[in-house]
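The following questions and answers work through selected features of one model. Each answer proceeds from the geometry to the value or name requested.

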Amino acid sequence: MDFSLLGPVTVTAGPPAASVELPLGPAKRRSVLAMLLLRPNATVSVEQLISSLWEDEPPAHARTVIQGHVSRLRAALAEGGAEDHGVELTTHSSAYLLRIPDALIDTQRFDQLTAQASPESAPGEAVQLLRQALGLWRGPALTGTVASPPFAAAAHALEERRLSAVEALARAHEALGEHEQAVRALHPAAVANPLREGLIAALMLALYRSGRQSDAIAWFHRTRQLLDDDLGVDPGQRLSAAYQEILRAAPAADGPRGGAEAAGAPGPAGQPGAQPVASAPSHPLSAAASAPAPVPELLPRPPAGFHGRGAELAELTRLALGTAEPAQGGSGSYPQEGGIALLSGPAGVGKTGLAVHWGHAHAAAFPDGRLFADLRGFSGGEAVVPAEVLRDFLLALGTPAEQIPTSPEAASALYRSLAARRRLLVVLDNAGSSAQVRPLLPGGPHCATLVTSRSRLDGLIATDAARPVRLHALGPEDGVALLGGLLGPARVVEDPEAARELVALCDGLPLALRAASAQLMARPRWRLARLATALRDERRRLALLSAEDTGVAAALRNSVARLSADDAQLLRALGAGFAREVNTAEAAALSGADPELIQDSLERLAEMHLLDEEATNRYVMSDLVKLFAQGDESGRGNTPGGASGGASGDPSQGG
């Protein structure tokens with residue numbers, strides 16, 4: 001006999017060549033057997049079975065139902081010859097016990113095989129053992145059981161063990177130098193688990209070692225964007241370390257070589273490519289210039305479900321690419337002085353998505369490469385030092401690591417020199433200040449730079465001729481289209497009024513709409529109106545649009561963390577006030593401060609897009625910012641200027 005949990009829950013009997021699947025009956029009966037197999041040779045109480053089989057209130061006759069399922073399971077097992085295989089289902093007071101040899105259960109065999117594998121010390125044997133273990137899987141674990149939290153948790157635990165085995169198999173292939181086999185093992189699991197950073201890091205390194213550097217870097221930026229869009233977090237240590245390892249090793253590992261070898265010139269002994277050591281370039285710029293220039297592609301993947309923004313996209317094209325007429329001394333449609341477009345707007349409005357979408361749409365205009373860096377100016381931690389980004393950019397542009405200047409000023413000068421004759425797109429995302437951006441601006445007249453920030457960065461406009469592009473919340477039509485792209489059009493079409501209400505309750509912010517969509521995707525039986533009803537409760541709204549320390553509340557907290565204590569206090573006072581719109585005098589009355597000082601504070605809040613100055617001396621606060629600023633208990637302590645955490649617990653329960 002063979003008992004399977006790694007896929008559909010089944011029992012087969014008979015010789016291997018002619019085994020027959022035993023009839024187990026409906027889902028609840030299979031679920032009783034599955035729970036007993038998950039705890040073989042141990043008692044399982046009737047109460048445990050009842051809580052596993054009924055997610056909601058169990059029926060009054062639940063015990064009788066369980067007894068009936070156990071009785072029919074005994075009969076089915078007996079027909080399959082269970083006694084001959086040492087299998088026995090017994091009753092112990094108000095509990096049941098399934099006596100069974102471990103070798104008959106696929107989960108037990110899987111665990112035994114993976115425990116025997118040693119990818120590092122015995123990689124050849126480990127490959128065989130792990131392939132055998134993974135071959136036991138026939139689909140998602142516990143298929144055919146009821147959809148209840150205990151079975152979902154058990155299936156998740158089994159899936160974690162499978163992914164660990166996949167990663168171990170890849171390590172064994174890597175130890176044998178079989179990098180392509182490691183990629184083949186990791187790729188399907190990475191596609192199915194796009195937020196599992198350790199898995200993605202392993203795939204990146206395997207791709208790089210198999211000669212696919214661009215694919216490896218693309219996986220990093222794709223995952224970085226997903227982490228930001230779905231969870232509002234930055235890549236963790238393993239993913240970042242893999243990316244840095246690839247960037248550091250890339251020029252030495254598979255980068256193009258320069259000098260006479262690259263040109264095919266004969267050396268002193270008449271051998272092509274031979275070159276005296278003394279003729280090696282002694283300056284970083286001459287070394288970089290002597291090699292064929294690599295074409296870096298550091299843009300993250302295009303954002304999924306992108307909708308609207310036609311006017312902003314057209315403005316970016318005008319600012320970054322200029323007119324169709326060549327400028328004096330220039331060529332094509334590239335701006336003579338290097339266009340700098342500054343995308344600004346409130347947290348969660350979609351600045352990064354717009355910049356990346358535009359970059360991919362106009363990739364052909366930048367044949368020498370696309371550079372991207374997250375400056376983490378509003379990520380809640382330390383902002384990135386420009387010198388770190390310069391190093392990454394210089395490596396991507398082909399500068400050997402040992403020839404990168406240690407001085408930030410010299411590194412910036414080398415970067416500008418390398419960009420001077422190239423057509424590059426540079427995307428500087430999440431900038432915290434103008435000073436952070438300036439060393440990273442390319443020097444070439446045919447380069448274009450997109451900067452995104454929650455701050456207006458007026459200094460960059462004043463000193464570097466950056467052109468502002470302000471992003472506002474999505475309108476009703478685009479917001480509904482985004483929901484349709486995420487949830488599927490049919491789900492939105494069946495409840496169009498609720499979809500429009502969700503857009504309004506989310507203030508038209510793509511981040512909030514994605515958080516709402518995540519709630520609905522996790523609950524496919526919910527109608528949109530059910531979530532809209534929950535979001536109408538202002539005490540629950542931020543919690544429903546947040547998860548732990550991510551989401552709308554976390555994004556706003558990172559913006560507020562940049563405020564002074566006085567400005568944060570004013571924001572709190574405005575949030576507590578009844579009016580949604582105020583002028584300077586009203587704001588001063590609410591806060592009890594000098595109107596002249598209040599005017600400056602209001603300007604700073606508007607600069608950070610926590611307020612919107614709709615007309616002269618008329619400031620408007622969005623509903624979500626207002627709820628956050630109130631900082632009541634339903635907002636999970638999201639107090640401006642404070643360091644308390646975001647929403648926690650099950651967001652579907654409103655925190």
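Q: How many Å apart are the end C-alpha atoms of helix H6, and what span should its residues give?
A: The model is a predicted one. Helix H6 covers residues 149-175, which is 27 residues. At 1.5 Å a residue, the helix should span 39 Å, and this agrees with the separation of its end C-alpha atoms, 39 Å.

Q: Which residue just after H6 takes a positive phi?
A: The backbone just after H6 has a phi of about 75 degrees at one position. That value is positive, and the residue is Gly-177.

Q: In what order do the five strands of the parallel open sheet stand?
A: Strand E8 (370-374) and strand E11 (467-470) stand at the edges, because each has a single partner strand. One side of each is therefore left without a neighbour in the sheet. The pairing is parallel, and the order is E8-E9-E10-E7-E11.

Q: What is the average twist from one strand to the next in the sheet E8-E9-E10-E7-E11?
A: This open sheet has five strands with parallel pairing. From one strand to the next, its twist averages 15 degrees.

Q: Which residue of E10 stands opposite Ser-344?
A: Strand E7 (residues 339-344) pairs with strand E10 (residues 448-453) in the parallel sense, over six bridges. Opposite Ser-344, the residue in E10 is Ser-453.

Q: At what angle to E11 does helix H13 run?
A: Helix H13 comprises residues 310-321 and lies across E7, E10 and E11. Relative to E11, the helix runs at about 170 degrees.

Q: Are H26 and H27 roughly parallel or roughly perpendicular?
A: Helix H26 (residues 565-576) packs on helix H27 (residues 584-591) with the axes 9 Å apart and an angle of about 95 degrees. An angle of 65 to 115 degrees falls in one class, so H26 and H27 are roughly perpendicular.

Q: Which residues make the contact between H26 and H27?
A: H26 contributes Leu-570, Ala-573 and Leu-574. From H27, the residues are Ala-587, Leu-590 and Ser-591.

Q: Which strands stand at the edges of the open sheet E1-E2-E3?
A: Three strands form this sheet, and the pairing is antiparallel. An edge strand has a single partner strand, so one side is left without a neighbour in the sheet; this holds for E1 (2-4) and E3 (20-21).

Q: Which residue in E2 stands opposite Ser-4?
A: Three bridges join E1 to strand E2 (residues 10-13), and the two run antiparallel. Opposite Ser-4 in E2 stands Thr-10.

Q: Which residue takes a positive phi in the hairpin of E5 and E6?
A: Strands E5 (residues 88-92) and E6 (residues 95-99) pair in the antiparallel sense over five bridges, and Thr-91 stands opposite Tyr-96. Two residues lie between the strands of this hairpin. The positive phi, near 55 degrees, belongs to Ser-93.

Q: Is Ala-504 buried or exposed?
A: Ala-504 lies in helix H21 (residues 496-505). Its relative accessibility is 51%, and over 50% is the cut-off, so Ala-504 counts as exposed.

Q: How many residues of helix H25 are buried?
A: Helix H25 covers residues 552-560 and is mostly covered. Among the buried residues are Arg-557 and Asn-558. The count of buried residues is nine of nine.

How values were computed
Residues are numbered from 1 along each chain as its sequence is written. This is a predicted model: local features need pLDDT of at least 70, side-chain atom pairs count only at pLDDT 80 or more; totals for chains, interfaces and linings use all residues. Side-chain values use heavy atoms; hydrogens and water are left out. Two strands pair if DSSP finds at least two bridges between them. Helices (H or I, at least four residues) and strands (E, at least two) are DSSP runs, numbered from the N terminus. The expected span of a helix is 1.5 Å times one less than its number of residues. Axes are lines fitted to C-alpha atoms, for helices over the stretch in contact, and angles run from 0 to 180 degrees between N-to-C directions. Angles under 35 degrees count as roughly parallel, over 145 as roughly antiparallel, 65 to 115 as roughly perpendicular and the rest as oblique. Contact means heavy atoms within 4.5 Å. Buried means under 20% relative accessible area, exposed over 50%, partly exposed in between (1.4 Å probe, protein chains only).
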